[in-house]
Amino acid sequence: MVGKQLLLTYLYLLVYILLSSGVILYNKWVLSPKYFNFPYPITLTMIHMGFSGAVAFFLIRVMKVVSPVKMTFEIYATCVIPISAFFAASLWFGNTAYLHISVAFIQMLKALMPVATFLVAVVCGTDKLRCDVFLNMLLVSVGVVISSYGEIHFNVVGTLYQVTGIFAEALRLVLTQVLLQKKGLTLNPITSLYYIAPCSFVFLFVPWYLLEKPGMEISQNQFSFWIFFSNAVCALALNFSIFLVIGRTGAVTIRVAGVLKDWILIALSTVIFPESVITGLNIIGYAIALCGVVMYNYLKIREGRASQPTEGIPERVKVSLLYSVWYHQVDSVYSLFSCGC
């Protein structure tokens with residue numbers, strides 16, 4: 001029985017790694033002018049948000065899989081709307097980066113996520129400036145700088161888009177902690193999609209109308225229903241796979257799987273996209289940054305175990321807590337969030 005459960009856990013991890021890598025590579029293929037040639041990242045993001053919101057509405061209102069939370073106008077206006085705005089911004093800037101820089105280099109830049117989250121948390125007063133964490137962040141930053149220096153096809157515009165998206169995501173994470181957790185609001189993946197996706201869609205409409213709509217009207221770019229539908233389904237499946245993996249494993253396992261997935265994704269991207277070249281400095285810099293990330297993860301896991309004992313807590317709440325604490329280390333372009341009270 002134990003062996004069967006262990007096998008099922010490994011299967012979930014494998015599905016998560018395949019979906020996570022697949023969605024990122026699929027998005028790059030769709031957006032890249034050299035391949036499918038649909039250079040409209042806001043449009044692609046809006047398709048995902050619209051599809052996710054529609055599926056969540058169907059699951060909640062028609063299938064009654066889960067019940068909607070008690071959402072007041074005050075909570076929606078002061079919590080959901082600002083969080084959705086930063087979420088939309090992080091997707092917009094992050095996906096636009098795929099037009100300018102390689103998947104491998106984007107993954108290396110994403111090592112800055114803990115640095116951005118820590119800095120924003122310190123500024124917002126939700127975390128304290130500590131020497132050990134600061135040294136880890138410095139190590140990550142040095143590694144990313146070395147990796148950037150070794151990038152053959154370094155592009156300033158793409159790098160700025162990616163870094164801006166990272167800081168927008170960091171602001172969203174901190175706002176989630178400050179706003180939603182203060183209200184005692186618990187959102188699972190389905191209710192997160194139900195409330196956040198439509199609002200993010202609305203925020204993305206304005207930049208889409210100003211920046212992409214005029215170009216789409218005169219362009220000859222192809223639009224394939226099945227390409228975009230399968231892409232959206234994969235992204236939605238990834239969101240649920242993350243929740244399943246966290247529900248069956250611990251924080252350490254999901255973070256190790258995330259690191260493994262990053263290396264696999266970097267290697268795969270160089271095979272699928274031959275123009276993506278990795279240099280020795282890229283690898284050295286990313287390895288240094290990864291050491292800092294691993295040490296940071298260890299510190300956060302130790303703090304989490306000390307401050308959030310789970311004895312006597314119902315399993316559903318344990319999963320929600322884990323999903324809230326560890327989500328931002330799960331590297332997915334389109335995964336939404338769940339916040340535990």
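**View 1. Burial and surface across the whole protein.** In this predicted model, buried residues account for 49% of the 341 residues in the protein. As for what solvent could touch, the protein exposes about 15,700 Å², and carbon and sulfur atoms supply 72% of that area.

**View 2. An α-only layout, with its contacts.** Count up the secondary structure and you get twelve helices and zero strands. Reading along the sequence gives α-α-α-α-α-α-α-α-α-α-α-α. Take the contacts in the protein with a separation of 6 or more: 86% of them come from residues 24 or more positions apart.

**View 3. Helix 7 and the cap at its N-terminal end.** Helix 7 covers residues 156–180. How does the span of its 25 residues compare with what 1.5 Å a residue predicts? The expected figure is 36 Å, and the end C-alpha atoms sit 35 Å apart, so the two agree. Zoom in on the N-terminal end of helix 7 and you'll find N155 capping it. A side-chain oxygen of N155 lies 3.0 Å from the backbone nitrogen of V157.

**View 4. S276, in the loop between helices 10 and 11****.** The loop holding S276 runs between helix 10 (251–272) and helix 11 (280–307). Is S276 buried or exposed? Its relative accessibility is 8%, and buried means under 20%, so S276 counts as buried. Which residues does S276 touch, once its neighbours within four places in sequence are set aside? S276 is in contact with S102, A104, S269 and T270.

Technical notes. Residues are numbered from 1 along each chain as its sequence is written. This is a predicted model: local features need pLDDT of at least 70, side-chain atom pairs count only at pLDDT 80 or more; totals for chains, interfaces and linings use all residues. Side-chain values use heavy atoms; hydrogens and water are left out. Helices (H or I, at least four residues) and strands (E, at least two) are DSSP runs, numbered from the N terminus. The expected span of a helix is 1.5 Å times one less than its number of residues. A polar contact is a pair of N or O atoms within 3.5 Å; within protein, one must be able to donate a hydrogen and the other to accept it, and residues adjacent in sequence count only if both atoms are side-chain atoms. Buried means under 20% relative accessible area, exposed over 50%, partly exposed in between (1.4 Å probe, protein chains only). Contact means heavy atoms within 4.5 Å. Accessible areas come from the Shrake-Rupley method with a 1.4 Å probe; for residues, only the protein chains shown count as cover.
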